[in-house]
Amino acid sequence: MQDDPDPMALLKAGGQRVRLRTLVILRWIAVAGQLAAILVAARFLGLRLETGLLALAVGASVIVNLVAMALAPRNRRLGEGEAAAMLLFDLVQLAVLLALTGGLNNPFAILILAPVTISAAALRPASTAVLGAVAIVLITIVWRFHLPLVTSGGEVLALPPLLSLGFWSAIVIGIAFLAGYVARVAAEGRAMSQALLATQMALEREQRLTDIGGIVAAAAHELGTPLATIKLASAELAEELAEELGDRPDLAEDVALIREQADRCRDILRSMGEMGKDDRLLRLMPIEAVVQEAARPHERRGREILISARPMPGGRDEQPVLLRRAELIHGLRNLIQNAVDFAESRVWVDIGWSEDTIVIHIADDGPGYPADVLDRIGDPFVRRRTRGGGSGGARAGYEGMGLGLFIAKTLLERTGAVLTFANAADVHAPQHRRGEPCGAVVEVRWPFTAIAAPAGADRAALGSNMPYRAEDAES
């Protein structure tokens, strides 16, 4: 499993996610709502309001919006401090409006939650904590000091003291609860987004490597013919001009050089073809070959990887042939890498199949998964196992956040797999391994038809690339 980033580092750029356009639009909506509420209260409900002061408070929001639109592009993303300052202004402006319209006797006092909620969703916890504290202070001041709501008949509208206290308590609790709740959900959403991005990047990288292999093989195959022609023509030229070349040693050296370089190019292309040829063997592979390819990068890391393949009861003796898919290879590779990281000396990969199921068990003899995170293995940014007692079982000073396992789980689930994470102490080990020290166990289970090649697929390999011959084309 590759090193994983600290999830808190993903939150440090929180303010950069807030666009000025978003806050401007929200403020225009708030201004429209405030003007509508003042108009309805004064004209239709007959309340005596300080319309002049209210107009100044609403006008301040209008001015701030116009200045923001004039001085900065609307698609600009605000920094942490800029976004917090914008939301702080909204808090103060709303508190002024409430103080002029009855304080907590005004049912719109609940809107004090809005700026804090936006901060919790978009900014860092420190900024949200400051805005939440300011909101609590402002709502407390407004609760104690405000202009009363008076009807046109002189009646004062006020809540009973006990109900007013309850309303204040509800708002304060709501600020704290909503801020914490929204911040937690938003942080998990951002972490999941980053993890899914990493998953997509890993899959694209694996696919690019596969595509490059096919391109290399095709180039090696296509260039084989002209190089063979060059070598043949140079040989014939040397024979026909043997006498003249004897008098011109420089020409003889040039002809020999052409043949040597043609041979060198042939050897290079042959090596490239062996590494990257795109034939049916790479597209259709027995399941054991797929697992071996996934495990190959970790075979020389000082841990023995034991791969076994056998049919389960009711399964055929012949191994299932799989469609080679980048997400399948990369997902299994991550699981095997994680096992190798924490194994004392050995990793077991057991492959089994029946008529309707394909199962792969990956186990190691390391310390296993901590019990307190076992039910969250496979989620992004979950701390993994600590180092075992073996020398070098895990990388020194290494603490991952579970992103590698999340990538493996996501990629394999895309192929139709169901993954189960457990410790060997909690499950029955396969018979051939019973009694040996075992740590973590991962079971990957597919429906047979999810990854097996269709029954009519041609499962024969093409073999090595061969030079092009005209008689083959004619035949």
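**Group meeting: a pocket and three helix pairs**

Okay, let's start with the pocket: H2 gives the most to the lining of the largest pocket, 11 residues. Before I go on, keep in mind that this is a predicted model.

So how big is the largest pocket? Its volume comes out at about 700 Å³. There are 30 residues lining it, and the closest to its centre are Gln34, Leu94, Leu97, Phe108 and Leu111. As for who contributes, helix H2 (20-44), helix H3 (51-71), helix H4 (80-100) and H5 each put in at least two residues. By class, that lining has 22 nonpolar, six polar and two charged residues.

Now the helix pairs. I'll take H2 and H3 first. Their axes come within 10 Å and cross at roughly 160°. Over 145 degrees counts as roughly antiparallel, so H2 and H3 are roughly antiparallel to each other. H2 passes H3 in a left-handed crossing. On the H2 side, the contact uses Leu20, Val24, Arg27, Trp28, Val31, Gln34, Leu35 and Ile38. Across from them, H3 brings Leu54, Val58, Ser61, Val62, Val64, Asn65, Leu66, Ala68 and Met69. In the contact of H2 with H3, the split is 13 nonpolar, three polar and one charged. And you've met one of those already: Gln34 in H2 touches H3, and Gln34 is also among the residues closest to the centre of the largest pocket.

Next up, H4 and H6. Here the axes come within 10 Å and cross at roughly 10°, which means H4 is roughly parallel to H6. From H4 we get Glu80, Ala84, Leu87, Leu88, Leu91, Val92, Ala95, Leu98 and Ala99, and they meet Ser127, Leu131, Val134, Ala135, Leu138, Ile139 and Val142 in H6. The residues of that contact divide into 14 nonpolar, one polar and one charged.

Last pair: H5 with H6. Which way do these two run? The axes of helix H5 (residues 113-122) and helix H6 (residues 125-144) come within 9 Å and cross at roughly 170°, and that makes H5 roughly antiparallel to H6. In H5, the residues in contact are Val116, Ser119 and Ala120; in H6, they are Ser127, Thr128, Leu131, Gly132 and Ala135. By class, the contact of H5 with H6 has four nonpolar, four polar and no charged residues.

One thing to look at on screen: Ser127, Leu131 and Ala135 of H6 are on the list of contacts with H5, and they turn up on the list with H4 too.

That's it from me. Over to you.

Methods: Residues are numbered from 1 along each chain as its sequence is written. This is a predicted model: local features need pLDDT of at least 70, side-chain atom pairs count only at pLDDT 80 or more; totals for chains, interfaces and linings use all residues. Side-chain values use heavy atoms; hydrogens and water are left out. Axes are lines fitted to C-alpha atoms, for helices over the stretch in contact, and angles run from 0 to 180 degrees between N-to-C directions. Helices (H or I, at least four residues) and strands (E, at least two) are DSSP runs, numbered from the N terminus. Angles under 35 degrees count as roughly parallel, over 145 as roughly antiparallel, 65 to 115 as roughly perpendicular and the rest as oblique. Contact means heavy atoms within 4.5 Å. Ala, Val, Leu, Ile, Met, Phe, Trp, Tyr, Cys and Pro count as nonpolar, Asp, Glu, Lys and Arg as charged, and the others, Gly among them, as polar. On a 1 Å grid over the protein atoms alone, a cavity is a set of points where a 1.4 Å probe fits but cannot get out, and a pocket is an open set with protein on both sides within 12 Å along at least five of seven lines; lining residues have an atom within 4 Å of a point. Grid points are joined across faces, edges and corners, and a volume is the space filled by probe spheres set on the points. A crossing is left-handed if the near helix is turned anticlockwise from the far one by less than a right angle, and right-handed if clockwise.
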